[in-house]
Amino acid sequence: MDSTRKKTSRHGRRWFLRTLGLTILALAAPKAAWAFFVRGFPVRTVEDERFDFDPASGLLTWPDGRRETYRLRIDGLVQQPLNLTHAQLTAMEQTSQISDFHCVEGWSVADLRWGGLSGPQVLALAQPLPQARYVVLHAMGRTDRQPDGLDHYVECLPLADLADPQRQIILALTLDGKPLPADHGAPLRLIAPLDMAYKSIKFVDRLEFSATDRPGWWTAANPIYPSDAPVPAQRLRRKAR
Ligand SMILES: Nc1nc2c(c(=O)[nH]1)N[C@H]1C(S)=C(S)[C@@H](COP(=O)(O)O)O[C@H]1N2
Ligand SMILES: [Mo]
C-alpha cells in the first residue's frame, strides 16, 4: 500500500471537513467563526435561548428585554445555601490553570488559560454535607431539544473529582485573563480538562449537591456518550499544569 497517498487523502478529507464546518459556522454565527479564526477555538452550544451578560454591572439581558442580576445558586446537600453575584465571585481568591480542551466530536484546543475557583475552593465555599457525593451543575438558557425532559444543559461530577487537585477542575470566570466570552460560557463555566468537553458545562447558574449521580444533558441526548467521560489517553498531549 502507498502510505504517502493514504496520508495525503486523509489530510484532504480533514481539510474539506474543516472548511465545510467553518463555512456553516460563518453563516450561522459570524462572531463564533471569527473567534475560531483568531484563536482556533470552536464553539459548540445547544441552547437556542441566548442572553447577554455584562461583567461590569453583573446584569443578564434576555431576548425579551428582561434584565436581572446574575447569581450563582449553591444548594442541595450543603450546610447553608448560597446566592453569589458575579462581583462576589470575582472578589474571591482566583486560581489559574492552563489546559487542553477535547471535544468528543473530534477537535481539540491546546493551552487555554482559565481563571476562577478551583475544585477544592468550590468545595470549601459550598461546604457540602457528608452524604453529598456529587455536584449537579445547571446552565441558563433553554436547549433546542429536551432529552429526558431536560429543558436546560446539566452536568454531574463526583465530589472526589472536584477534590483532586491533579484533575485541575476549575469553575472559570475568565479566559486569557478576560471575562469569559459569551460563546464560551459567560459568566461562569466548568472546565474539567481530563474529561471530554461535554462535561465542561457553560453558562452555569446553579450547583446542586446531591447524594446520587445523574446523567447530563449530552448523555441524555446522545446515550452513546457515557456520563463518565475520561479523555482517551492517546488524545492527552500531556497533563494539565
Ligand atoms: N451549557 C452548555 N454547556 C456546554 C455545551 C452546551 O451546548 N451548552 N456544549 C458542550 C460541548 S459538547 C463542548 S465541546 C463544549 C464546547 O465549549 P466551547 O463552545 O467553549 O468550545 O462545551 C460543553 N458545555
Ligand atoms: Mo463537544
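**Reading helix α4 and its surroundings**

Guide: Start with helix α4, residues 119-126, in this predicted model. Its buried residues are G119, V122 and A126.

Visitor: Why do the buried residues of α4 line one face of the helix?

Guide: General idea: an α-helix has 3.6 residues a turn, so residues three or four places apart point the same way. Now the case here. Viewed down the axis of α4, the buried residues fall within an arc of 60°, so they line one face.

Visitor: What covers the buried residues of α4?

Guide: The cover includes strands β4 (71-76), β7 (108-118), β10 (170-175) and β13 (204-210). Helix α5 (159-163) is also part of it. Just after α4 comes Q127, with a positive phi near 45°.

Visitor: Next, the sheet. In what order do the five strands of the open sheet lie?

Guide: In general, strands of a sheet pair through backbone hydrogen bonds, either parallel or antiparallel. Here the order is β5-β4-β13-β8-β9, with mixed pairing. β5 (82-85) and β9 (154-158) are the edge strands, each pairing on one side only. From one strand to the next, the twist averages 20°.

Visitor: How many bridges join β4 and β5, and in which sense do they pair?

Guide: Four bridges, antiparallel. L72 has L84 of β5 as its bridge partner.

Visitor: Which residues come nearest to ligand 1?

Guide: Of the 20 residues around ligand 1, C103, A139, Y153, A197 and K202 come nearest. The shell divides into twelve nonpolar, four polar and four charged residues.

Visitor: And the whole chain? How many helices and strands does it have?

Guide: Six helices and 13 strands. Of its 241 residues, 29% count as buried.

Terms used
Residues are numbered from 1 along each chain as its sequence is written. Chains are lettered from A and ligands numbered from 1 in the order in which they are written. This is a predicted model: local features need pLDDT of at least 70, side-chain atom pairs count only at pLDDT 80 or more; totals for chains, interfaces and linings use all residues. A residue is near a molecule or strand if its C-beta atom, placed from the backbone, lies within 6 Å of it. Ala, Val, Leu, Ile, Met, Phe, Trp, Tyr, Cys and Pro count as nonpolar, Asp, Glu, Lys and Arg as charged, and the others, Gly among them, as polar. Helices (H or I, at least four residues) and strands (E, at least two) are DSSP runs, numbered from the N terminus. A residue is buried if 20 or more other C-beta atoms lie within 10 Å of its own, exposed if 12 or fewer, and partly exposed in between; C-beta atoms are placed from the backbone. The arc is that of the directions from the helix axis to the C-beta atoms. Two residues are in contact if their C-beta atoms, placed from the backbone, lie within 7 Å. Two strands pair if DSSP finds at least two bridges between them. Axes are lines fitted to C-alpha atoms, for helices over the stretch in contact, and angles run from 0 to 180 degrees between N-to-C directions.
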